[in-house]
Amino acid sequence: MEIRVNPAPPETRKEKPADEARLGFGKFFTDHMFTMTYTSKGGWENAEIGPYRPLCLDPTAMCLHYGQEIFEGMKAYRGRDGEIYLFRPQENIRRMNRSAERLCMPGVDPDLFQEAVVKLVLLEKDWIPNGRGTSLYIRPTMIATEAALGVHPSDRYLFFIIVGPVGAYYQEGFNPTKIYVSEEYVRSVRGGTGNCKNAGNYAASLYASQIAIKIGYTQVLWLDAIEKKYVEEVGTSNIFFLIGDELVTPPLEGTILAGVTRDSVIQIARRMGRTVSERRISMDEILRAVETGMLREIFASGTAAVVSPVGQFFYQGKEYLVNDGKTGALTRQLYEEIIGIQCGEKEDPFGWRIKIAG
Ligand SMILES: *Cc1c(COP(=O)(O)O)cnc(C)c1O
């Protein structure tokens, strides 16, 4: 399918944010968006890059009532000499199609999907910030648009991609986070949708997050829903523990998101000669490791922050300090390695980086 381009009239173009230090996350979006519509009769049609604009939906649009909504999060990076890179985009595309299947939504042709991302990013390339750690965030989204009530899979969908500049997550260096282990609320169960990036998962996580924030913590550490014993994820990131010389992360058993960053961390750490285990890890084991001094580092991984050190956690009424509340050496090393690959500073032995310009 051909992607039409319908440029936004020059007088409607927004002013680009001048101060890269104040970009933050999710605040600015560019002048154009990609859209494509689906009907059960015609399949995907009308692939177009046009002006960024509000959507027009019938009040009964099924996404508003029954939650058929999925999304992805990826980034485009600017290299030192103006090159533009994507990082493992096919992983996000595959994952979005897996989410689609689980929510009875139609898949998108992976080549067309990537072409849409590349075309949109290149059209908006002047919006990509320059600073180290900054990027153009890419948010592909799919929503059910059939105008009807009654629970059933929609027969119409809208797929859109919006992009916007985001700042470096660590403006003033690493700031270890404090996490709250929730025993009352859970994020997902086996057989549910915890391994999909669908809107409902995030709505369901807000309540526990608010509790954590109220008592001074940044994120919730989620435990398994059945025994409330094993660690799953932190906030909307995957989690890693350095215990002695073993780097441990929970396995992909259907309840957690298969993070692209998680997989990258695992592969890079192994290449550095580290022992990495994807296995269940219980709070008991973590507390024992704290007692014996074996718990060296905890960090979260995700596209937004790359890796995010955890300096403290709260569990069953007690606070525990990790690495004296400081960022660990491995956390820092992994951050440098990944960001170096993403922006073209470092060798890319894995072939993860895709150069789309420069
Ligand atoms: C997006 C997300 C992650 C991280 O995935 P990346 O591909 O590394 O960005 C982890 N957990 C949840 C729940 C997520 O939504």
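**Exercise 1. Arg262 and its partner**

Task: Is Arg262 buried or exposed in this predicted model, and which residue does Arg262 pair with in a salt bridge?

Solution:
- Step 1. Start with accessibility: Arg262 has a relative accessible area of 2%. Buried means under 20%, so Arg262 counts as buried.
- Step 2. Now look for the partner. Arg262 forms a salt bridge with Glu278, and the closest N and O atoms are 2.7 Å apart.
- Step 3. Place both residues in the chain. Glu278 belongs to strand 14 (residues 275-278) and Arg262 to helix 5 (residues 260-271), so the pair links distant parts of the chain, 16 residues apart.
- Step 4. Check the other end: Glu278 is partly exposed, because its relative accessible area is 38%.

**Exercise 2. A bridge inside one helix**

Task: Which residue meets the side chain of Arg94 in a salt bridge, and how many residues apart are the two?

Solution:
- Step 1. Recall the general idea: side chains of opposite charge can pair when their charged atoms come close.
- Step 2. Apply it here. The side chain of Arg94 meets that of Glu91, with 2.7 Å from N to O. The cut-off for a salt bridge is 4 Å.
- Step 3. Locate the pair: both residues sit in helix 2 (residues 89-102), with a spacing of 3 residues, about one turn of the helix.
- Step 4. Add the accessibilities. Arg94 is partly exposed at 45%, and Glu91 is partly exposed at 29%.

**Exercise 3. From a pair to a network**

Task: Where in the chain do Arg132 and Glu336 lie, and which residues are joined with them into one network?

Solution:
- Step 1. Begin with the contact: a salt bridge of 3.0 Å, N to O, connects the side chains of Arg132 and Glu336.
- Step 2. Compare their places. Arg132 is in the loop between helix 3 and strand 7 (135-144), while Glu336 is in helix 7 (residues 329-342); the pair links distant parts of the chain, 204 residues apart.
- Step 3. Look at exposure. Arg132 is partly exposed, with 41% relative accessible area, and Glu336 is partly exposed, with 30%.
- Step 4. Widen the view: through salt bridges that share partners, Arg80, Arg132, Glu336 and Glu345 are joined into one network.
- Step 5. For context, the count of salt bridges comes to 16.
- Step 6. Finish with another residue, Gly344, in the loop between helix 7 and strand 18 (353-357). Gly344 and Arg132 are 212 residues apart in sequence, yet 11 Å apart in space from C-alpha to C-alpha. Gly344 is partly exposed, at 30% relative accessibility.

**Exercise 4. The contacts of Asn201**

Task: What does the side chain of Asn201 reach, and is Asn201 buried or exposed?

Solution:
- Step 1. Find the residue: Asn201 is in helix 4 (residues 199-214).
- Step 2. Judge its exposure. At 6% relative accessibility, Asn201 counts as buried.
- Step 3. Follow the side chain. It reaches the backbone oxygen of Thr193 at 2.9 Å.
- Step 4. Add the side-chain partner: the side chain of Asn201 also makes a polar contact of 2.8 Å with the side chain of Asn198.

**Exercise 5. Two patches on the surface**

Task: Which residues make the nonpolar surface patch of about 250 Å², and which form the negative surface patch with Asp111?

Solution:
- Step 1. Take the nonpolar patch: Leu55, Leu57 and Leu64 make it.
- Step 2. Place one of its residues. Leu55 is in the loop between strand 3 (43-51) and helix 1 (63-66). Patch residues need over 30% relative accessible area, and Leu55, partly exposed, has 40%.
- Step 3. Turn to the negative patch, formed by Glu2, Asp109, Asp111 and Glu115.
- Step 4. Examine Asp111: this residue is in helix 3 (residues 110-123) and counts as exposed, with 57% relative accessibility.

**Exercise 6. Positive phi**

Task: What is the phi of Asn46 and of Asn323, and where does each residue lie?

Solution:
- Step 1. Asn46 has a phi near 60°, a positive value in a residue other than glycine.
- Step 2. Asn46 lies in strand 3 and is partly exposed, with a relative accessible area of 44%.
- Step 3. For Asn323, phi is near 50°, again a positive value in a residue other than glycine.
- Step 4. Asn323 is in the loop between strand 17 (318-321) and helix 7, and Asn323 is partly exposed at 33%.

Methods. Residues are numbered from 1 along each chain as its sequence is written. This is a predicted model: local features need pLDDT of at least 70, side-chain atom pairs count only at pLDDT 80 or more; totals for chains, interfaces and linings use all residues. Side-chain values use heavy atoms; hydrogens and water are left out. Patches are made of residues with over 30% relative accessible area and no salt bridge: like charges are joined within 9 Å, nonpolar side chains (Val, Leu, Ile, Met, Phe, Trp, Tyr) within 5 Å. Accessible areas come from the Shrake-Rupley method with a 1.4 Å probe; for residues, only the protein chains shown count as cover. Helices (H or I, at least four residues) and strands (E, at least two) are DSSP runs, numbered from the N terminus. Buried means under 20% relative accessible area, exposed over 50%, partly exposed in between (1.4 Å probe, protein chains only). Lys and Arg count as positive and Asp and Glu as negative; His and the chain ends are not counted. The place of a charge is taken as NZ of Lys, CZ of Arg, CG of Asp or CD of Glu. A polar contact is a pair of N or O atoms within 3.5 Å; within protein, one must be able to donate a hydrogen and the other to accept it, and residues adjacent in sequence count only if both atoms are side-chain atoms.
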